[in-house]
2 protein chains.
Amino acid sequence: MRIDRARLAESMEALGKIGETPRGGLSRVALTDDDRRGRDLLVRWMKEAGLAVTIDQMGNIFAVRSGTEARPPVFMGSHADSVPSGGKYDGQLGVLCALEVLRTLNDGRTPTRHPVGMIVFTNEEGARFQPAMIASGVMAGKIPLEDAYNARDRDGLRLGDELARIGYLGSEPCVPRPMRAYLELHIEQGPILEEERIPLGIVEGIVAISWSRVTFHGVQDHAGPTPMRVRHDALVAAAEVVAGVRAISRKIRGNFVATVGRLDVTPNIPNAIPGRVGLSVDLRDPQEANLDRALPMLDQVVRAAAKREGVRAEIEHYWRVPRTPFHPDVVGAIEEAAATLGCGHRRILSGAGHDAQYMAAICPTGMIFVPSRGGRSHCEEEWTSLDDIEHGANALLLACARLAGA
Amino acid sequence: MRIDRARLAESMEALGKIGETPRGGLSRVALTDDDRRGRDLLVRWMKEAGLAVTIDQMGNIFAVRSGTEARPPVFMGSHADSVPSGGKYDGQLGVLCALEVLRTLNDGRTPTRHPVGMIVFTNEEGARFQPAMIASGVMAGKIPLEDAYNARDRDGLRLGDELARIGYLGSEPCVPRPMRAYLELHIEQGPILEEERIPLGIVEGIVAISWSRVTFHGVQDHAGPTPMRVRHDALVAAAEVVAGVRAISRKIRGNFVATVGRLDVTPNIPNAIPGRVGLSVDLRDPQEANLDRALPMLDQVVRAAAKREGVRAEIEHYWRVPRTPFHPDVVGAIEEAAATLGCGHRRILSGAGHDAQYMAAICPTGMIFVPSRGGRSHCEEEWTSLDDIEHGANALLLACARLAGA
């Protein structure tokens, strides 16, 4: 039993047209019109495959193929939203490989004891509404539904309103349900598989992640007649934090990574001293203890910068996901699938967050990684060869069939 | 002969309502609908005062009161656009004091040998379209008309198109015309007059100004699985420039000021390493030589930051206005007016650019400063007392009457 490589490639091509950028990347940000168009196409394909489609209160799409027994289903899944100027593999690939597995089971009329299904998660990226993985977070009971609905984008639009606007505010409760397992195929988004020329990564778990928000309130004033001696420039303080976050990464070393990805200046014109600057800090490490060391360092950097420039600082550590180990049943099933395929593989840890992180709190969970060219992702240059995708999708098929009792 | 304080206050109140912010400031950015509404009100008042109103190719509004002889007019003026979240004094005050002078000449049926008029300049702030003072720059022949028309805002809208859209694309040539003098009243935007408790500043000239644009091109990537060792983060390089610009100001000292006022991150989300960052650098000094020293230092800071982070840098020094001394005739006329009023005054240099800077290339030019509370401007807290405004407006009236041969 093997997936249909040509059919999978064709689906990737078709879905990748929706929100395609001029340079061949993807801008299909959560709950935009393009997200709706992408979802509509996926739902059409699901129905054509004879799957039972439902939408939950967070807009997550479920599509299920019946099993021969009344048992909890095995789910595969990922997300269909992208970052702005992102690529065509992050999220979309996992969704389409899941669909391809279901189509392949149909092709062979393969019965499974457990039902097999797929989930398309809402707003995994967190590019428009924070935090990321908000819909699996609600499903796992880690984020209150009302908080998720009240998340606002930069224009002040509410997630709940935007879900309704694009027609994906479903009625199924977004709560944990009985599941045999959850499997997610994803691109690695790092350089290891490519560097070691191994096509398949068997993910053991996901690193711990912390997100903070820092705001400096300085004194907005004219850039010309305001002497240097009286300035309180919010951007000067913020720049010190950008440098300080980099310095923290040099102190902790190892696999620790630290990023200021977002920085917003007010009023942001050449001839005004910045009165307010907000910035994000993303910290990750395989060991919780290293985040526990890094966060007080960050507080210290922010306080020192504020003091030096005479500005007021606010800091909020608003999101933390602990290190998530995956389930031995699922990791083992993927390893057996790789062995059956005779395909090179290694165990690997994920540096990126995924919906699988929250799903691990609901049911036995695991992930399959395929290589990312140059380790690049969240950019238009994101790319994975079709050979590698085929290996990954077949591993997903075999692991899923094993867990579902094919 | 004195201006009507109550009438001036009433006009300030009425015009200040158009684009007023909830916190009592002003957001009337150039060529927006609010700018149009502000212009419409000014034109109505000009016509009610019996002035001959014309609009030139850059949307500058001219309003002229006849003289008794066919001589070149004396013009007063300023601008009616504001920065976003700016105040109600920068620009608007100079325009309304000019109008009040013309109304006062009408009240007394005071004949002048030279015609007396006022100019409302387009897009002085440069908040929406760069460079600042673009319309007086075109008038003085320093900026080609086509370049000005092709200036684009952040949404890609053309200045020329926006002028037409709001109905202020006039047909009068925007070229130097014979003028007896140009006078501009403005808030100081610095702390000196307030600190020294002097109500009137007689401006001797404007500092030299340089604007640069720096862009770093790094490698956009995922903030999680991308190890620190392979990163090329455009924001880390940009932060080094923000700190470096501050360091340059500490080296040059004196009256030198240096500001990074604008900084734009792409894609600007918490979990992507910034792939591109653009920033503005505004440098000013009363001495040209100090800008000549500072610019190579800036180049050096940018090169060093790009090298350290392994990113590509572009730097463009795209606008420079030399130090502008004002004309002894006009400076003298204002000093005599201050003496007549018996009002405290001192000579002062402007740290901010003004349309007067370009007008000085066309005709004898001078400026009057009134105090700014706390030296604050380009912010909602901008404020000047009505007593100080009255002194300034009367000085403008008497200096203008003297130059026009009342």
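Reader: How many residue pairs are in polar contact across the interface of chain B and chain A?

Author: The rule finds 26 such pairs, both residues at pLDDT 80 or more. Bear in mind that this is a predicted model. On the chain B side, α8(B) gives the most to the contact, with six residues. By class, that side has 28 nonpolar, 19 polar and 15 charged residues.

Reader: What makes Arg229(B) and Glu195(A) a salt bridge?

Author: The cut-off is 4 Å from a side-chain nitrogen of Lys or Arg to a carboxyl oxygen of Asp or Glu. Here the N to O distance is 3.9 Å, so the pair passes the rule. Across the interface, the rule finds six salt bridges.

Reader: How much area do chain B and chain A bury between them?

Author: About 5000 Å², with 56% of it on carbon and sulfur atoms. Met228(B), Arg246(B) and Pro270(B) supply 13% of what chain B buries against chain A, more than any other three residues. As for who takes part, the contact draws 62 residues from chain B and 62 residues from chain A.

Reader: Turning to chain A, what is in its secondary structure?

Author: Twelve helices and 16 strands.

Reader: And why is chain A called as compact as a globular protein of that length?

Author: Its radius of gyration is 22 Å, and the globule rule gives 22 Å for 406 residues; the two values are close, so the description fits. Buried residues, meaning those under 20% relative accessible area, make up 64% of chain A.

Key. Residues are numbered from 1 along each chain as its sequence is written. Chains are lettered from A and ligands numbered from 1 in the order in which they are written. This is a predicted model: local features need pLDDT of at least 70, side-chain atom pairs count only at pLDDT 80 or more; totals for chains, interfaces and linings use all residues. Side-chain values use heavy atoms; hydrogens and water are left out. Contact means heavy atoms within 4.5 Å. Buried area is the accessible area (1.4 Å probe) that two parts lose on being put together, summed over both. A polar contact is a pair of N or O atoms within 3.5 Å; within protein, one must be able to donate a hydrogen and the other to accept it, and residues adjacent in sequence count only if both atoms are side-chain atoms. Helices (H or I, at least four residues) and strands (E, at least two) are DSSP runs, numbered from the N terminus. Ala, Val, Leu, Ile, Met, Phe, Trp, Tyr, Cys and Pro count as nonpolar, Asp, Glu, Lys and Arg as charged, and the others, Gly among them, as polar. The radius of gyration is taken over C-alpha atoms; the globule rule is 2.2 Å times the number of residues to the power 0.38. Buried means under 20% relative accessible area, exposed over 50%, partly exposed in between (1.4 Å probe, protein chains only).
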